Amino acid sequence: METFRITCVVGARPNFMKIGPILREMSGRPRFQPWLVHTGQHYSPEMSDALFSDLGIPKPDVHLGVGPGTQTQQTADIMRALETVFLERPADVVLVVGDVNSTMAASLVAAKLGIRIAHVEAGLRSGDRRMPEEINRLVTDALSDYLFASEPSGRRNLLAEGVPAERIFLVGNVMIDTLLAFRRRAAESGVLDRLQLVPKRYCLVTLHRPSNVDEPDRLRGLVNMLHQLSKKLPIVFPVHPRTRSRIEEAGFDTGGLLLTPPLGYLDFLRLTSDARLVLTDSGGVQEETTILSVPCLTLRENTERPITMEEGTNRLVGIEPEAIFQAALEALNAPMPNRPAPALWDGKASGRILDVLERQLSLS
Ligand code: UDP
């Protein structure tokens with residue numbers, strides 16, 4: 001039986017929810033021989049370890065321990081370290097997920113070495129090249145051989161950029177594979193009791209995009225807006241390490257808001273499922289609220305995930321605090337939405353990805 005050596009590369013939080021279901025699926029298919037490389041791009045090892053254990057992801061075969069740095073330094077460090085790994089252990093395919101620096105770095109190194117690349121979550125575009133993730137998406141997709149799209153816009157964007165149709169596969173959303181696999185376990189999380197929150201009577205907030213948190217005046221405006229909103233209902237805010245440093249540097253008063261460290265996946269999923277409203281700038285959270293039918297306001301001017309607005313519960317509310325506050329009041333006055341899941345967001349995307357890879361690799 002022909003086997004396929006698949007080197008999977010992950011580096012930061014949003015990657016873990018995407019690789020988990022693919023590795024699980026591979027463990028039931030002996031033709032696939034996965035090899036997991038963690039670049040260490042995420043600078044909080046505790047957070048990374050907790051997520052790995054929550055999601056049942058095996059310990060990485062290699063941990064590169066690349067730390068923080070500027071966008072370019074970090075990408076270069078990851079590339080240098082990955083080149084050695086890829087040369088030492090030849091692979092048939094390098095599989096990358098999402099849009100972090102590790103995703104792009106792995107694609108560049110694989111392309112230079114002539115190794116085929118599979119990109120999971122291909123084709124998403126915000127149209128905003130000021131976002132580091134947009135650059136990572138464009139480069140990764142330009143170099144990939146197998147492009148797995150999570151929603152129809154991904155396929156359309158790739159076709160418009162000239163990617164041959166036979167390389168594009170609309171397979172659905174692996175983040176949602178994870179959500180559906182862990183939903184029942186998340187329902188048992190005691191996080192609401194621990195934080196003394198009542199289901200559907202709190203607002204969940206996540207903020208970590210540089211465009212929202214790196215500019216002190218902007219972050220001050222958002223924190224003040226959250227203070228206003230906390231007079232209507234409790235606000236729980238698991239704070240990303242990046243945002244935590246910015247808040248501490250600027251010395252903002254966050255009393256009145258329920259700040260927590262970044263949460264494990266199961267606790268976070270429970271908090272999202274039972275929220276009355278979510279305010280976020282996260283990509284993954286826009287998708288998760290869509291499946292959970294929880295109203296979501298995205299504090300950005302664009303989204304690379306338009307299906308969450310067209311078919312889901314997401315609304316883009318821009319970056320002006322007053323407009324965000326008004327949109328939050330509107331959402332709180334409206335009934336809870338109830339919408340069917342987008343097509344192929346059914347928990348089976350990872351299986352479809354491996355079906356395609358098996359077929360394609362057998363042919364080549
Ligand atoms: N998440 C988590 N704990 C938290 C915040 C987020 O487990 O405290 C999960 C959540 O499922 C989210 C995912 O991490 O969808 C992606 O994280 P993030 O928002 O950092 O990245 P993005 O999706 O914006 O790239």
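Me: Before we look at helix α3, what does "buried" mean in a structure like this one?

Reply: Buried means under 20% relative accessible area, while exposed means over 50% and partly exposed covers the values in between. Keep in mind that we are reading a predicted model. In α3, the residues that come out as buried are Q74, T75, I78, L82, V85 and F86.

Me: Which elements do the buried residues of α3 pack against?

Reply: Their partners are the strands β1 (4-10), β2 (32-38), β3 (62-63) and β4 (93-97), together with helix α4 (101-112). The helix itself runs over residues 71-88, which is 18 residues. From first C-alpha to last, α3 reaches 26 Å, close to the 26 Å expected at 1.5 Å a residue.

Me: Now for two helices that meet. At what angle do α1 and α7 pack?

Reply: Helix α1 (residues 13-27) and helix α7 (residues 174-187) pack at about 75°, and their axes are 8 Å apart. Angles from 65 to 115 degrees count as roughly perpendicular, so α1 is roughly perpendicular to α7. On the α1 side, the contact is made by P14, M17, K18, P21, I22 and R24. Helix α7 brings V174, M175, D177, T178, A181 and F182.

Me: How many of those contact residues are nonpolar, polar and charged?

Reply: Eight are nonpolar, one is polar and three are charged. K18 from this contact turns up again in a network of salt bridges, along with D99, E121, E134, R137, E287, R300, E304 and R305.

Me: That brings me to salt bridges. How many are there, and what rule decides?

Reply: The rule asks for a side-chain nitrogen of Lys or Arg within 4 Å of a carboxyl oxygen of Asp or Glu. By this rule the count comes to 27. R125 is a good residue to start with, as its side chain meets that of D141 in a salt bridge, 2.9 Å from N to O. R125 sits in the loop between β5 (116-120) and α5 (132-143), and D141 in helix α5, so the pair ties together parts that are 16 residues apart in sequence. Both R125 and D141 are buried.

Me: Where does E161 lie, and how does R125 pair with it?

Reply: The side chains of R125 and E161 meet in a salt bridge too, at 2.7 Å from N to O. E161 lies in the loop between α6 (152-160) and β7 (168-170), 36 residues from R125, and this pair links distant parts of the chain. R125 counts as buried because its relative accessibility is 12%. E161, at 42%, counts as partly exposed.

Me: What does a salt bridge within one helix look like?

Reply: Here is the general idea: an α-helix has 3.6 residues a turn, so residues three or four places apart point the same way. Our case is R246 and E249, both in helix α11 (residues 241-250) and three residues apart, about one turn of the helix. Their closest N and O atoms are 3.8 Å apart. R246 is partly exposed at 23% relative accessibility, and E249 is exposed at 59%.

Me: Last one: which residues does L259 touch, leaving aside its sequence neighbours?

Reply: Setting aside residues up to four places away in sequence, L259 touches F237, V239, R244 and T254. L259 belongs to strand β10 (residues 258-260). Its C-alpha is 5.7 Å from that of P238, although the two are 21 residues apart in sequence. With a relative accessible area of 23%, L259 is partly exposed.

Note on methods. Residues numbered from 1 in each chain as written. Predicted model: local features only at pLDDT ≥ 70, side-chain atom pairs only at ≥ 80, totals over all residues. Heavy atoms only, no water. Axes fitted to C-alpha atoms, helices over the stretch in contact; angles between N-to-C directions. Helix = DSSP H or I, 4+ residues; strand = E, 2+ residues; numbered from the N terminus. Parallel < 35°, antiparallel > 145°, perpendicular 65-115°, else oblique. Contact = heavy atoms within 4.5 Å. Nonpolar A, V, L, I, M, F, W, Y, C, P; charged D, E, K, R; others polar. Buried < 20%, exposed > 50% of the residue type's maximum accessible area, 1.4 Å probe, protein only. Expected span 1.5 Å × (residues − 1).
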